[in-house]
Structure formats: C-alpha cells, structure tokens
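User: Please take a close look at one strand in this model and its surroundings. I would like to know how it is covered, what it pairs with and what packs around it.

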Amino acid sequence: MSTYNALQETPWTSEAPLSSNNPSESFHSYPEDSVYRVTPRHLAGDDGALAERVGDALAGIGWRVWPTARGTLLYVSPDGLCGAEWLLASYPFELGGLPVAWQVSARPDTGSVMVEWNAYFTVGVPHEPLADFLLALDARSAPSVGFDGPEVVLDELGTRGWFRDADRPHTTAFDPGFSASVSLEPLPPLVQDGDPRPGQVGWQAWADLGFGDPYLWCASFSSSVPHDLAAVFASSVASPAPVMRRTLPARTEDRLSIVRCD
C-alpha cells in the first residue's frame, strides 16, 4: 500500500451535502437468472454490483488490489500514478445524502506525496460510466494533466442529445427528461483537490426524479480533474446504448425502457 499511500490522506469524517436527506435505495428484483436491456442509462442504477463490476474492470487492465485496515479495497495502476478505492465499508462521507462508494485519484509522478485531483462516486451510480472513466484514465501517460477546456464536456453531452441550461449555457447541461444534470459548480465540502486556492469549481453530476426529490446517485470531480476525463464519464452517462441489469431501482422503474433478453 505504500506505492499509493497518498490516497489515504483524505479525512473521512462527515458529510458533503448536495441536498437534504436521501433514503437508502430499494431495488425491484426480477425473476431469478433473468437479464434485461435497460435505458436510459442514468436511471438504471448500479445493479447492486458496483464494487464487483468496477473491480473486474480494474483487474482486467492490470491494476493491483490490497485490502486496507479500514475494510476498504485499494486498487493501484501499474505505473503507480492512479488509484481507485472502494470505500463503502468505511462510510467516509456523503454526497447528496448518499454514501461515497468509490474515490479515484491521480498524482503527477511516483515521487509525489500528494494527489493532484480526486473524483468521488456514490452508491447507485451506473457502473458503466465509472468503468469508462477508469479505462480512459489508465490509457493516459500523464493522468494529472489536461489540455481541453470545459466546453469538451458540454459538447460531448450535446452530441448525446442533452441540452444546455438557457441561463448557464457554458456550465450546465440536462438530459431531455430533466432527470440528470452535469454542471460546473463550486466544490462540495470535503471534496479535495491539489490546488489549495479557495473558490475552485469542478464538474458535479447527479440524477434525480424531480426538484426536491432524493438523489439517485451523485459524482463529484475536483477542480484539477482533466476536462476530457470528465467528458468520458459524462458521455457514458448520456449514452443511449442499453445496459444489462438484473435488478432495478424501484423509484425509476416506471421511467425505464425494459426489454427481457431471455
């Protein structure tokens, strides 16, 4: 674990609220061994397998894994520059009333004791966008450096049929059903970045069923996360391609297109 001990520096102590309370998600269980094609992706949930699916993706690209003393699982990239930690056992803090499940971090070189940026993902986030984000991160030779501006995120969402907020066209986009948003916002409390200056902004993404309703999932990218990496996550969240599920969030069932595969 000493190869990426900088990941252990975040003080997991309290809540970073994006909204008020949010009850634990319940799932509708379909017939045993049945598999379904589901759209839209951002309402499909994590199939109750967020740890397994993301862990399998990381193992497939050669990331090493260790259990930690806090009951978490720490994955480290082969070059030692990137880390992803399954945190749910330690219940570090909350975003939007939901516990953070994964933290992803990168540092500029193996000699650095501090990470350059962090990204956080709660329970309920579809595992496909998170896996795509990690695959894109792994493919970079310089994971802490970005060259694109924030427009790359909004442009990518636009190609997926999302539209920009009329009042904030350069920072915010919504899905056509108004059930998900990606927005450049001030960082929530406890979201840490390598840039210590106050007033930093980063991409925040979430899904809900309406104003004032509990969040289905949240993701928070600190200010130094390269915009093109955030765009990979956003593009995958907005993808019209169906995802495979055995269980679905009960609250979104009536808004999903569900096709049985067997």
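**Strand S8 and its surroundings**

Analyst: In this predicted model, Trp117, Ala119 and Phe121 point one way from S8, while Asn118, Tyr120 and Thr122 point the other way, and all of them are buried. In a regular strand the side chains alternate between the two faces of the sheet. S8 spans residues 117–122, and 6 of its 6 residues are buried, leaving the strand mostly covered.

Next, the pairing. Strand S7 (residues 98–106) runs antiparallel to S8 and is joined to it by 6 bridges. Within this pair, Trp102 has Phe121 of S8 as its bridge partner. Strand S13 (residues 215–221) also pairs with S8 in the antiparallel sense, over 3 bridges. Here Ala119 stands opposite Phe221 of S13.

Then the packing. The largest nonpolar core has 52 residues, and the members that touch the most others are Trp102, Phe121, Phe133, Leu134 and Phe233. Helix H4 (residues 227–237) supplies the largest share of this core, 6 residues. Apart from this core lies another one of 10 residues, including Phe93, Val100, Tyr215 and Cys218.

Phe133 ties several of these parts together in the list of its contacts. Leaving aside neighbours within four places in sequence, Phe133 is in contact with Trp117, Ala119 and Phe121, the residues that point one way from S8. Its other contacts beyond that range include Val104, Phe221 and Val225, as well as Leu229, Ala230, Val232 and Phe233.

Terms used
Residues numbered from 1 in each chain as written. Predicted model: local features only at pLDDT ≥ 70, side-chain atom pairs only at ≥ 80, totals over all residues. Heavy atoms only, no water. Buried < 20%, exposed > 50% of the residue type's maximum accessible area, 1.4 Å probe, protein only. Helix = DSSP H or I, 4+ residues; strand = E, 2+ residues; numbered from the N terminus. Pairing = 2+ DSSP bridges. Core = buried A, V, L, I, M, F, W, Y, C linked by side-chain atoms within 4.5 Å. Contact = heavy atoms within 4.5 Å.
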